[in-house]
Protein chains: 2
Amino acid sequence: MPDTHPIARKLDGRADATRRRILEAALAEFAEKGLAGARVDEIAARADANKRMIYAYYGSKEDLWLSVLEQAYTAKRDREHALDVQALPPRDAMAKLVSFNLRYTAAHPEFVALLNDENLNRAAHLKRSEEVQALYTPLLDTLRAVLARGEAEGAFRRGVDPMQLYITLVGIGHFYVANSHTLSTIFGSGLTTKKALAAREAHCVDVVLGYLRP
Amino acid sequence: MPDTHPIARKLDGRADATRRRILEAALAEFAEKGLAGARVDEIAARADANKRMIYAYYGSKEDLWLSVLEQAYTAKRDREHALDVQALPPRDAMAKLVSFNLRYTAAHPEFVALLNDENLNRAAHLKRSEEVQALYTPLLDTLRAVLARGEAEGAFRRGVDPMQLYITLVGIGHFYVANSHTLSTIFGSGLTTKKALAAREAHCVDVVLGYLRP
DNA sequence: CCAATAAGTAACCAACCAGTTATTTACATG
DNA sequence: CATGTAAATAACTGGTTGGTTACTTATTGG
């Protein structure tokens, strides 16, 4: 039924807008302060919504956290899915995967913050998520395919475990973004400038491609 | 004055023991729940001490957090300082640095948790730490020396940025430990078994040495 | 044994905070 | 314009939590 009742449409539209504002505000608040540090009142204020609506739409603070987390996963999954590297030679394809990951991570520190805090909570919320799909990561499949192709063509070394490489590939970007503040106390601030990010991107590509040489 | 008043000694001894119990309890509580999620009452209970003593000895929850953080840094720094790799050939030395880092990280997930939470707080506490020494990391100096030696001997590729390599080396261990719970939802649990850690260690060494080949 | 001081305790408090209740407002339709 | 319903609001509540106050216990030199 694409043509639902106009009344429902209109009301849904307003309600949906509120839902979306709450979700966006929650993302910002949770990413900034973590689950325990975030304040429901503050989320309501940021969303310019009444606190009651948060409970009406999302049930509880923890349920809201899970919704935010699932949405963040979905957003990244969508971007990963849009990656098309199968036409590229293995080394170019791999370079693109590494670059994509670093750029996405740097552009979405909220995702990094959410992930860290969810791990602090032993992934308790994700584990009870019904959207198991949220955990599926297209990047892993793509990586596996590129790796297999590169091995077959002799472009990559043999015997590389896709899981290990995936964790390494994601980790070298994630750690840089997640710990930029403490790293800044060691190396001086300026790790998040365009120039510094470009240098990090080049290094990450170098590391992965350098390692994969036969 | 090695022989201070016995009265002071005895009392200091009892006081120091309480201080230490509080610090240990705080480390456990903070690592488990983060700064915002940790409860001062719970720390007092874990330490089998009165809450008042926490404030007498450490001033406030945030000051206690900083003390815990500094102690964790100091502990790691001490272990890094005990590393002696200058007598080893560059590749062996580098392998030892990578192995050390992964093992230390895996053995001290509390340090990882503290670091993540401190970064969530934009390193606000470390930045106002008077023990600037806490930020100094011997591993970086050692890495720099090994890298220079390996380059000079032709064992490593040229032009590697020590900072980038340091971040990569630490990151590939840190991310694995910090995100083991969400990674487990993807790859199935069992990432922290002895076997899995040995596999990760081997991979990390392979990546760094593979990358550094000339 | 007694004074002096350090260490430790129990009870308390005010601010905070997740979650609720009672009520009002907005809006499409008959 | 009256009416039913979805959306939104203000005010409140009970438990929690960082921090404090007033008081007790332990230790030892004189």
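The following exchange looks at a predicted model, taking up its DNA strand D and then a pair of helices.

Biologist: Which element gives the most residues to the surface near DNA strand D?
Modeller: Several helices give two or more residues to this surface, namely α1 and α3 of chain A together with α1, α2 and α3 of chain B. With four residues, the element that gives the most is α1(A).

Biologist: How far does a polar side-chain atom of A:Thr18 lie from a phosphate oxygen of DNA strand D?
Modeller: A:Thr18 is among the residues that come nearest to the strand, along with B:Arg39, B:Lys51, B:Arg52 and B:Tyr55. Of the atoms of DNA strand D that come within 4 Å of the protein, sugar and phosphate account for 65%. Backbone atoms also reach phosphate oxygens of the strand, at 3.2 Å for A:Asn50 and at 3.0 Å for B:Val40. For the polar side-chain atom of A:Thr18, the distance to a phosphate oxygen is 2.6 Å.

Biologist: How many charged residues does the surface near DNA strand D have?
Modeller: There are 21 residues around DNA strand D. By class, ten of the residues on this surface are nonpolar and three are polar, while the number of charged residues is eight.

Biologist: Are α6(A) and α10(B) roughly parallel or roughly perpendicular to each other?
Modeller: The axes of these two helices are 7 Å apart, and they pack at an angle of about 90°. The contact is made by A:Leu115, A:Glu118 and A:Asn119 on one side and by B:Ser180, B:His181 and B:Thr182 on the other. Because angles of 65 to 115 degrees count as roughly perpendicular, α6(A) and α10(B) are roughly perpendicular.

How values were computed
Residues numbered from 1 in each chain as written. Chains lettered and ligands numbered in written order. Predicted model: local features only at pLDDT ≥ 70, side-chain atom pairs only at ≥ 80, totals over all residues. Heavy atoms only, no water. Near = heavy atom within 4 Å. Polar contact = N/O pair within 3.5 Å; in protein donor to acceptor, adjacent residues only side chain to side chain. Nonpolar A, V, L, I, M, F, W, Y, C, P; charged D, E, K, R; others polar. Axes fitted to C-alpha atoms, helices over the stretch in contact; angles between N-to-C directions. Parallel < 35°, antiparallel > 145°, perpendicular 65-115°, else oblique. Contact = heavy atoms within 4.5 Å.
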